[in-house]
Amino acid sequence: MAYTGLALEVDLSERDFSEVNISDKKYEKYAGVIGVGYEFATKLYKKKMDPFGDRNFVIFCAGLLVATGVPATKTTVITKNPLNSTFGPGVVGGRLAHDIKKAGYDFILLRGKSDDPVVLKITPQNVEFQKAGRLWGKDIVKVTETLKKKEKGSVVAIGPAGENLVPISIALVDGIHHIGKGGLGAVLGSKKVKAIVVRGDKREMTIFDREKFKEYSKILREKILADKLRKIYSELGIMSAWDAWAKQGYLTYRMRNKQASAGMLSEFGAEKYLYRVKKRSIGCYGCPSPCKAEVNMPGGRTTKTSVYLGLAMSLGIKCGIQTAEEAVECHDIANRLGVDELIFSELFDALVTFKEEAKIFEDEIGFEISRDAKSVKTLLNLIAYKMGIGEYLAKGMDGLVERFGEWVKEENDFIKNMDWVFDPRVSFGSESFGQLTNLRGGHEGPVTITVLEGRSEESLRRYVRRIGGDEEKIFENGFRAELYTLATENWLWVLNGMGFCRRESIARNLDITLIKNLFNTSTGFELEEEDIIDGARKAISLARALNCKEGYNYSNDLPPKKFFEPLKVGSSKKVLRNYLTGKEISEGEVLEMLRNYYSERGWGRDGCP
Ligand code: SF4
């Protein structure tokens, strides 16, 4: 079958490992791997467990269709996130999922804690617990390069931020692909796991009906190869969206109160990226649309980035670094240290804005801070090593409240102590409403065609039909963003569960029927489209139930005040509006939308399953 039916369970405390058989029924029930992963999580969960305690777990789930010949690349990771005690998943590309599958597993479960720093080496039928030795303390890129010199396979590594239990830390796969926003780096650090090397072999996945599966794979491959977006992504990545994002008002700083200037937009824009910053394209393993890149730093050095737009928006616009090359250098430092640069830049922006508004003073910050690369580098290091003000910022916005007092809460626009990317005043679709319901906290909802305003009702309806959403309900009396979001979340979890990338150069060539056909012919199950969606719904409810056990309910999904303040874009002021009808939406109506969303998911009015 396309799946292996096996999980590798690694007990770090005992330095032991075992294999766990998984029944076919579970893969059928969840139509993918994520629900199975959350069943493991539910079983291992202990109430209010310390994210840094030995009871916390890390579960890597390799997408079901990875290593079957289709361009599926994704691994989903589940843990208790130390930044906010949620259990929302992280998703990563690269070659990791491929290596997990080819090592013989769909899942890798880490439990317990090692006494000393280790590098785990996972190969078919074996796990070695190697001493991390001098690698402990080293940055992620160095560790990855060192391990890659002697080992084949994928490397998941943490940096000093993870070792020092910084809740805004991440891990990196192969020194480029970010994984685990919300503090996975710190969870691995608490378990003294410096790196995990996973090496597969040449085994072939069994495919239930290879001939038919090949036919459906061919349809998908031909569609992707013929898609003009593939060429655009291969050249520009999601920088292709830069001009439209700028025009519609997404690119802001000073705590979302000021739009990026013309100078900033051109310094970090698509043209500069293509002709001066980008050196070459990089992609996840086997992806026909490589959207990542090797990029130039000052002094002729280079580094890698998975989303240049993210670094341009965060380090360029929000932090105000002057040149693109300097921003790339700061991105490289954040990666090496293992600090999440998106949350970092929101915190940096808040700190500098508070200083500019004389709400806090330089002696309280502890160094001369301004919007430049030097200050960014200083603060990144202070956070990674939890020194001075960095000890507080390591905890996200909650840390700023702890350091400066309750007044910061008034200014705080984080969602579940996590930054968010998509301003709902620009466009109120799945990416912005979904920031409220995202199981991991703010960040973003599923990015779909509503990311830009002005799509026609017909194109939205087409999109909803393609992903298997409930067209009738979503367009009842106009457009119900909450139900549209729900449909797109289900779709995203279907994609992730299969291992497919959500980037439109891949995802828009898929539809729910093609996914059903790929799933059925590779596994031998006979599911319908509704069953595939239902598998994702079940997985989402399992994840939500874990959050609820930690005390989360509807009150944590309420929007920040910022959603209801006008956003100045050029000479106009944008407010929260219905995507299609343009009717202004009040705070009370957003609460009502949340209630509708819960009810449609079959959850209680408190937002819990
Ligand atoms: S399009 Fe998706 S799978 Fe391909 S390189 Fe980009 S992120 Fe990876």
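Let me start with a convention: a residue is near a molecule or strand if its C-beta atom, placed from the backbone, lies within 6 Å of it. With that in hand, 13 residues surround the ligand, and the closest are G283, C284, C287, C291 and C501. I should say at once that this is a predicted model, in which local features need pLDDT of at least 70 and side-chain atom pairs count only at pLDDT 80 or more, while totals for chains, interfaces and linings use all residues. Residues are numbered from 1 along each chain as its sequence is written.

Staying with the ligand, the shell around it divides into 6 nonpolar, 5 polar and 2 charged residues, where Ala, Val, Leu, Ile, Met, Phe, Trp, Tyr, Cys and Pro count as nonpolar, Asp, Glu, Lys and Arg as charged, and the others, Gly among them, as polar. Where does the ligand lie with respect to domain 2 and domain 3? Both domain 2 (237-411) and domain 3 (430-508 + 528-601) give residues to the shell, so the ligand lies between them.

That brings me to the division of the protein, which consists of domain 1 (6-198), domain 2 (237-411) and domain 3 (430-508 + 528-601), with bounds that come from an automatic or database domain assignment. The C-alpha centres of domain 1 and domain 3 lie 28 Å apart, and the contact between these two domains takes 36 residues from domain 1 and 25 residues from domain 3; here two residues are in contact if their C-beta atoms, placed from the backbone, lie within 7 Å. On the side of domain 1 that touches domain 3, the elements giving two or more residues are α1 (24-30) and α2 (34-44), and α2 gives the most, with 6 residues. Helices (H or I, at least four residues) and strands (E, at least two) are DSSP runs, numbered from the N terminus. By residue class, that side of domain 1 divides into 17 nonpolar, 13 polar and 6 charged.

Next, the interior. A residue is called buried if 20 or more other C-beta atoms lie within 10 Å of its own, exposed if 12 or fewer, and partly exposed in between, with C-beta atoms placed from the backbone. A nonpolar core is then a set of buried Ala, Val, Leu, Ile, Met, Phe, Trp, Tyr and Cys residues joined through C-beta atoms within 7 Å. The largest such core has 199 residues, and those with the most contacts inside it are I59, I108, L109, V339, L380 and I383. Helix α23 (residues 481-498) gives the most to this core, with 11 residues. Taking L109 as an example, and leaving aside its neighbours within four places in sequence, L109 is in contact with A7, L8, E9, V10, F40, F57 and I59.

P160 deserves a moment too. This proline is found in helix α5 (residues 160-163), and P160 counts as buried because 24 other C-beta atoms lie within 10 Å. Although P160 and L337 are 177 residues apart along the chain, their C-alpha atoms are separated by 5.4 Å. Not counting residues up to four places away in sequence, P160 touches G137, D139, L337, G338, A384 and Y385.

Now for the strands, which are said to pair if DSSP finds at least two bridges between them. Strand β9 (residues 154-157) is joined by 4 bridges to strand β12 (residues 193-198), the two running antiparallel, and V155 has V197 as its bridge partner in β12. β9 also pairs in the antiparallel sense with strand β10 (residues 171-173), over 2 bridges, where V156 stands opposite V173. From β9, S154 and V156 point one way and V155 and A157 the other way, and all are buried. β12 in turn pairs with β7 in the parallel sense over 5 bridges.

Finally, two loop residues that I would like to set side by side. Which value does phi take in A358? Phi of A358 is near 55°, a positive value in a residue other than glycine; A358 sits in the loop between α14 (341-356) and α15 (362-365), and counts as exposed because it has 7 C-beta neighbours inside 10 Å. N477, in the loop between α22 (471-474) and α23, has a positive phi of about 55° although it is not a glycine, and N477 is exposed, with 6 other C-beta atoms within 10 Å.
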